[in-house]
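Here's a quick walk through one protein model, written for someone who'd rather be at the bench. Have the structure open while you read.

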Amino acid sequence: MSVSEVGMSYSKMVDVYEALDSTTKRLEKTSILAKFFSDIGEKNPKLLPIVTLLSLGRVFPTWSEEELGIGTKILMKAIAYVVGVKPQDVEDMQRDAGDIGQAAENLFRKKKQETLFTRSLTIEKVHSNLIKIATISGSKAQSKKLEILRELLSSSSPTEAKYITRTVIEELRVGVGEGTIRDALAQAFGVEKSVVERAHMLTNDLGLVAEVSKEQGTEGLKNLTLNPGKPVKPMLAQLSPGISTSILEMGWALCETKYDGIRVQIHRLGDEVNIFTRRLENISKAVPEIVEYIRKSLPVEDFIVEGEIIVTRDGKPISFQYILQRVRRKYDIERMREEVPLKLFLFDVLYYNGPLIDSPFEKRREVLESLVTVTDKIQLSTQVKVTPDSLQDAENLFNKSIKGGHEGIMIKDPHAPYMPGIRGKKMLKLKAEPETLDLVVVGGSYGRGKRAHLIGSYLLAAKDENNELKTLAYAATGLDDKTLLELHNLVEPIIIKKSGRQVEIAPHIILEIAYSEIVKSPEYESGYSLRFPVVKRIRDDLSIDDIDTVERINSMFKGN
Ligand code: AMP
């Protein structure tokens, strides 16, 4: 490695992280970032997209499938090697410090000889090494990754080591979310917030949005649009207060069966067909038959369509859990194809001969109908047009859907554009079952007696308006032994701290929780609690971005 590299010192980035960490106020965080972005934009514009992503603790834009592929084990090994301790010492320190980044900083500080970080790290160097780590594959990939990581860490100061470590595991812990970054870009480059938001929604690339904000301003941002091949966050549904209220509000509506499977966004670009989940994970390899059906039933043109994949047996949909088995599967796909047969219901089109998201839903549905050759395996969602004079048709569809083993109905505004990532009033859902909450596991407690070796109850949290997690309830029941064990195995490697029977757990696992009532409670950070919370299922199709908010719980409480 050349010692005379030029570039911007990584310590500048780290100063920003520390400043962000020192305040909980969103406005202050926004202005710290705005100042930093505008500085970088002036002095080193090439670096702007990079630091924008790094400010979020990311190396790649959200649409990208690239990942660093570094587990905590390797990270611990790298830290241990550089500071001259055993990986077990790093693990112990992590338990005491609360996170592996803080553990790295503590260990680096303890280290006596100061010979290591004589060379100063640049942002360019950190970034290019992280990219290198992501591109390594094949045999000996892990040891090559380890080697690059060691090299980076051995040039780091203790605080730099903390943030490199946290960037590697994508948990920066400085309380900055995408919203703060967008506000900071708007502030830094004098562009409209709403335009930044839209550009981000369509491209899922904050680095690109930063660059265009700086170079081309509001007009340039307006020209950004969605591209087949790059997934966008799906438009989400709010709960319908009831058939008649919803339809009267919309004027008239398009009602559809609500299928209980997983939402997919299917992109065709040239000859490539890719299938993404709502977390934007590419699952094409796990569901090759869906790729085949799409190739057969849709034209050979670039497009983006959306639908729901479900599993059927003897013509009836079967449990949602089966589909997760398929999606997670890496091996034995051919056998699984037979055992767990899939079917796709398409319900929207976002791109065909150019973007369609600004077209009204009614029009998009027409385009979709003209595109798809329906077969047994690939169909359009069952849809009826309902006016205030024919509300009974919506009820009939609801009853038919429930009888057919589906979840309920969707009520969609025919005039609405497609709004990526937005949970608005233009698409509503009406389910037969009472509403559930999607919450993240943040802690737990080991069981007693026969279950003493298993975590038997889980502490759950929702997020507040600053994206901070607030606890809400302990849920203990609802899982069969097999799922309980599965959950335990998912949770065990991400335990941060143990004290007695209690554990603290890194916030990664999302559970769908049913309950009888929301109640006020000073015992939990959210100020609320749930009566009789029951775990319905593990939602590995959701990420922490998708969990329910304290605000929603508040409004559900008031609505009680
Ligand atoms: P939510 O995930 O809570 O926003 O509920 C809406 C979900 O219902 C979507 O994300 C889809 O996965 C699913 N869904 C099932 N059938 C349909 C349909 N016909 N139209 C739209 N979404 C549907």
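What follows covers the nonpolar cores, the ligand site and one buried aspartate.

## The nonpolar cores

Bear in mind that this is a predicted model. Its largest nonpolar core takes in 74 residues. If you want a way in, start with Y10, F37 and I79, which have the most contacts inside that core. Helix α4, running over residues 72-83, gives the most to this core, with 8 residues. Apart from it there's another core, this one of 34 residues, including V287, Y293, I309 and L371.

Y10 is worth clicking on. Setting aside its neighbours within four places in sequence, Y10 is in contact with Y17, then with L121, T122, I123 and V126, and also with E160, Y163, I164 and T167.

## Around the ligand

Now over to the ligand, which has 15 residues around it. Which of them come nearest? They're R263, R278, E308, K412 and K429. Sorted by class, the shell holds 8 charged residues, 5 nonpolar and 2 polar. As for where these residues sit, β1 (236-239), β2 (253-258), β10 (408-412) and β11 (423-431) each supply at least two of them. The largest share, 3 residues, comes from β2.

Some of the individual distances are easy to find on screen. A polar side-chain atom of R278 lies 2.7 Å from an oxygen atom of the ligand, and for a polar side-chain atom of R263 the distance to a ligand oxygen is 2.8 Å. A237 uses its backbone instead: a polar backbone atom there is 3.0 Å from an oxygen atom of the ligand. How much of the ligand's accessible area does the protein cover? On its own the ligand has 480 Å² of accessible area, and the protein covers 93% of that.

## A buried aspartate: D541

D541 sits in the loop between β20 (534-538) and α20 (550-559). Is D541 buried or exposed? D541 counts as buried because its relative accessible area is 9%, and the cut-off for buried is under 20%.

What does D541 pair with? Its side chain makes a polar contact of 2.9 Å with the side chain of R539. Leaving out neighbours within four places in sequence, D541 is in contact with R278, R279, F320 and L324. You've met one of those already: R278 is among the residues that come nearest to the ligand. So if you're clicking through the model, R278 is a handy stop, with D541 in contact with it and a ligand oxygen 2.7 Å from one of its polar side-chain atoms.

Key: Residues numbered from 1 in each chain as written. Predicted model: local features only at pLDDT ≥ 70, side-chain atom pairs only at ≥ 80, totals over all residues. Heavy atoms only, no water. Core = buried A, V, L, I, M, F, W, Y, C linked by side-chain atoms within 4.5 Å. Buried < 20%, exposed > 50% of the residue type's maximum accessible area, 1.4 Å probe, protein only. Helix = DSSP H or I, 4+ residues; strand = E, 2+ residues; numbered from the N terminus. Contact = heavy atoms within 4.5 Å. Near = heavy atom within 4 Å. Polar contact = N/O pair within 3.5 Å; in protein donor to acceptor, adjacent residues only side chain to side chain. Areas by Shrake-Rupley, 256 points an atom, 1.4 Å probe, with all protein chains shown as cover. Nonpolar A, V, L, I, M, F, W, Y, C, P; charged D, E, K, R; others polar.
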